[in-house]
Amino acid sequence: MKITYANSKVEKYFTDYAKMQRKLPADWVRTIKKHMNRLEAAECFGDFLKLGLGKPEQLTGYERIRYSLHVAPHVRLIIEPDATGDTITICTEIEVEGVSDYHGSKENWYIP
C-alpha cells in the first residue's frame, strides 16, 4: 500500500525512527514501526483490516474517514485512508496524520 504523510513534520519523524525515538518512548516507536511495516505490506486497506492487528477502529466526528491503531493505552497512530465508505476495503493509499493521545473528542498530539 502507498503511504503519504499529512505534512513534512510528520514525514520527518516517520522516515527517521531514530529521530522519533528522541521524542517518544522506545516501546511506542517499535509498535509504530510494526504498524507501518504491516500497512506497507498490505495490498489494500481491507487486507490490513482483516488482520485486526493494532485493533483498528474508525474514528467518529471527522469530515473524512479516519482510523486509529493502538500504540499504547490511550495512544493511537492516526491514519486516513484515501477512500469513501464504499471503497474502504479496496483503498491502496493512506495518509498518516500522526500519533495522538486520543480520548474521544479530546486529542493531544505527540507527532502532529
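This is a short tour of a predicted model, moving from its nonpolar core to its aromatic pairs and then its salt bridges.

**Stop 1: the core**

Start by selecting Phe14, Met36, Leu39 and Phe45. Within the largest nonpolar core, a set of 32 residues, these have the most contacts. Now colour the elements that supply two or more residues to this core, among them strand 1 (2-5), helix 1 (8-14), helix 4 (45-51) and strand 5 (93-103). Helix 3 gives the largest share, five residues. In soluble globular proteins, nonpolar side chains tend to be buried together.

Next, zoom in on Met36. Leaving aside residues up to four places away in sequence, Met36 touches Ile3, Tyr5, Phe14, Tyr17, Leu77 and Val96.

**Stop 2: aromatic pairs**

The whole structure contains four aromatic pairs. For one of them, select Trp28 and Tyr110: their rings meet edge-to-face, 5.2 Å centre to centre, with 65° between the planes. This pair links distant parts of the chain, since Trp28 belongs to helix 3 and Tyr110 to strand 6 (residues 106-111), 82 residues apart. Turn on the surface and compare the partners: Trp28 is buried, at 15% relative accessible area, while Tyr110 is partly exposed, at 24%.

Then move to Phe45 and Phe48. Here the rings are stacked, 6.2 Å centre to centre and 25° between the planes. Both residues sit in helix 4, three residues apart, or about one turn of the helix. Phe45 is buried at 0% relative accessibility, and Phe48 is buried with a relative accessible area of 0%. Add Tyr67 to your selection to see the cluster that ring pairs form from Phe45, Phe48 and Tyr67.

**Stop 3: salt bridges**

There are five salt bridges to look for. Begin with Glu57 and Arg76, whose closest N and O atoms are 3.9 Å apart. Because Glu57 lies in strand 2 (residues 57-59) and Arg76 in strand 4, this pair ties together parts 19 residues apart in sequence. Glu57 is partly exposed, at 37%, whereas Arg76 is buried, at 14%.

Now select Glu80. Which arginine in strand 3 does Glu80 pair with? The partner is Arg66, and the N to O distance is 3.2 Å. Glu80 also forms a salt bridge with Arg64, with the closest N and O atoms 3.4 Å apart. Arg64 is in the loop between strand 2 and strand 3. Glu80 is buried, at 9%, and so is Arg66, at 14%, but Arg64 is partly exposed, at 43%.

To finish, select Arg64, Arg66, Glu80, Asp82 and Glu97 together: salt bridges with shared partners join them into one network.

Conventions
Residues are numbered from 1 along each chain as its sequence is written. This is a predicted model: local features need pLDDT of at least 70, side-chain atom pairs count only at pLDDT 80 or more; totals for chains, interfaces and linings use all residues. Side-chain values use heavy atoms; hydrogens and water are left out. A nonpolar core is a set of buried Ala, Val, Leu, Ile, Met, Phe, Trp, Tyr and Cys residues joined through side-chain atoms within 4.5 Å. Buried means under 20% relative accessible area, exposed over 50%, partly exposed in between (1.4 Å probe, protein chains only). Helices (H or I, at least four residues) and strands (E, at least two) are DSSP runs, numbered from the N terminus. Contact means heavy atoms within 4.5 Å. Rings of Phe, Tyr and Trp (its six-membered ring) pair if their centres lie within 6.5 Å; planes under 30 degrees apart count as stacked, over 60 as edge-to-face and the rest as tilted. A salt bridge is a side-chain nitrogen of Lys or Arg within 4 Å of a carboxyl oxygen of Asp or Glu.
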